[in-house]
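Here are my notes on the model you sent round. I've kept them as numbered points so you can reply to each in turn.

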Amino acid sequence: MGFFSLLLVASLPVIQLLLIGSLGAFLASGYSNLLSGGIRRDLNKIVFTVFSPSLVFSSLAKTVTLQDLISWWFMPINIAITFLIGGTLGWVAVKILRPPRHFEGLIIANCSAGNLGNLMLMIIPAVCREATSPFGDESSCGVRGTSYVSLSMALGGFFIWTHTYSLIKKDGARYEKLKREGSPAIADGSSSASENHSENGEANSDEEAQLSLSTKLVDEYTEKTVLEPLLSNGKLRSSVPFWKKIMETVHQLIKELIEPPTVAAMIGFVVGAIPWTKSLIIGDSAPLGVIQDSLKILGDGTLPCTTLILGGNLTGGLRKSAVKPSIILAIAVVRYIALPISGIAVVKAAAAIGFLPEDPLFQYVLLTQFTLPPAVAIGVMAQLFGVGQEESSVIFLWLYLVAALTLTVWSTIFMYIIS
């Protein structure tokens, strides 16, 4: 497959996202004003509670089988490694660049969580359709590639809605803490949340009434773990017993696990892995197949709605964003240089040890997981917790502008390495 042919294939999904994002920016601008801050928040809640869980469940239930989990057991480990390496490098970048405290999780999230869904769903089948593809005939390659990518998307959703979600949730807690303390970082308007909450002249009481349940949990968590231990003179109260700390940690973990996308992921794993439950929902002759079809329709709305929200946040975001060019550059270096190089080492080592199937397409999918731009779902979480909305959109814009070129270069290198 030629370089320019691969460039075209890699560019198409990126261009689609940018076009939808541009539409969102127009709808949120003064020319249209159809996608105001309040509407974006309400739409984001629908994405979080309805569209995203539907997408995660329908993907997992359809894709996951017990046999595939056994045969492709290294894929979840590979995805976990991308999160581990990216998160570690993101943490190093945070320590070096020292951004505002309530943006640390956003930076680490963008370094660790890649777009494991729609980009690969377009790139892998397109590579298989090429006559010069090194992965066998088009029909066989397409079926295998779609299976690999579907599992990748499903597993990626599980990691994103657990690990990445917790990072952005902590950013929201830090923002609430800084706001209560009257931090200059908040007073100066460096946080996009304060800008967004005053948009269209909406009252603070109205904004508070619109907060999601998850955001309220963040407030409660912040009050209990940050404010209550301090007396008026600033001294700590008596130390909390160790067992009580453990119980609080377990309680917070349970709260993380009962969020809609995470619950949908766990149920999807169970339904997909058990043959008789899968036969009830998945397949043309499934008696409850209409449930899967309905959930798929809902899940298909996740990407366009999320991208519209990100585009809407871009309206004024380039002006109000607190993200510095050095932060964007650091994320780009992690995602497009450090991670792909690490991926080559990880996948080649796993293949040499014998952990991977003989199929070179499987290795190509694993390598591609290290080269992707940040997950679009990060913008959903930023909007959900009211912190870093514009910053997330600006990062999205610049990282996706260069994604087509970096995906093409690394895909060409990967094909050379595999063949």
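**Notes on the model**

1. Of the 419 residues in the protein chain, 54% count as buried. Keep in mind as you read on that this is a predicted model.

2. On secondary structure, the tally is easy to remember: the protein chain has 22 helices and zero strands. As for how the chain packs, take the contacts with a separation of 6 or more: 86% of them join residues 24 or more positions apart.

3. The accessible surface of the protein chain is about 18,800 Å², and carbon and sulfur atoms hold 67% of that.

4. One bit of that surface deserves a look in your viewer. Val-270, Ile-274, Trp-276, Leu-280, Leu-288, Val-290 and Ile-291 make a nonpolar surface patch of about 620 Å². Two helices, H14 (275-281) and H15 (289-299), supply at least two residues each.

5. Why can Ile-291 be part of a surface patch? Patch members need over 30% relative accessible area, and Ile-291 has 38%, so this partly exposed residue clears the cut-off. Ile-291 sits in helix H15.

6. On to the charged pairs: the model has four salt bridges by the rule used here. I'll go through some of them below.

7. Asp-42 pairs with Lys-45 through a side-chain salt bridge, at 3.9 Å from N to O. The rule asks for a nitrogen within 4 Å of a carboxyl oxygen, so at 3.9 Å the Asp-42 and Lys-45 pair counts. Both residues belong to helix H2 (residues 37-63), where they are three residues apart, or about one turn of the helix. Asp-42 is partly exposed, with a relative accessibility of 36%.

8. Is each partner in the salt bridge of Glu-104 and Arg-101 buried or partly exposed? Glu-104 has a relative accessible area of 15%, so it counts as buried, whereas Arg-101 is partly exposed at 48%. Their side chains meet at 3.4 Å, N to O.

9. Asp-300 and Lys-296 form another salt bridge, with 3.3 Å between the closest N and O atoms. Here Asp-300 is partly exposed at 45% relative accessible area, and Lys-296 is partly exposed too, at 42%.

10. If you only have a minute, I'd colour two things: the nonpolar patch with its residues from helices H14 and H15, and the salt bridge that joins Glu-104 to Arg-101, where Glu-104 is the buried partner and Arg-101 the partly exposed one.

Notes:
Residues are numbered from 1 along each chain as its sequence is written. This is a predicted model: local features need pLDDT of at least 70, side-chain atom pairs count only at pLDDT 80 or more; totals for chains, interfaces and linings use all residues. Side-chain values use heavy atoms; hydrogens and water are left out. Patches are made of residues with over 30% relative accessible area and no salt bridge: like charges are joined within 9 Å, nonpolar side chains (Val, Leu, Ile, Met, Phe, Trp, Tyr) within 5 Å. Accessible areas come from the Shrake-Rupley method with a 1.4 Å probe; for residues, only the protein chains shown count as cover. Helices (H or I, at least four residues) and strands (E, at least two) are DSSP runs, numbered from the N terminus. Buried means under 20% relative accessible area, exposed over 50%, partly exposed in between (1.4 Å probe, protein chains only). Contact means heavy atoms within 4.5 Å.
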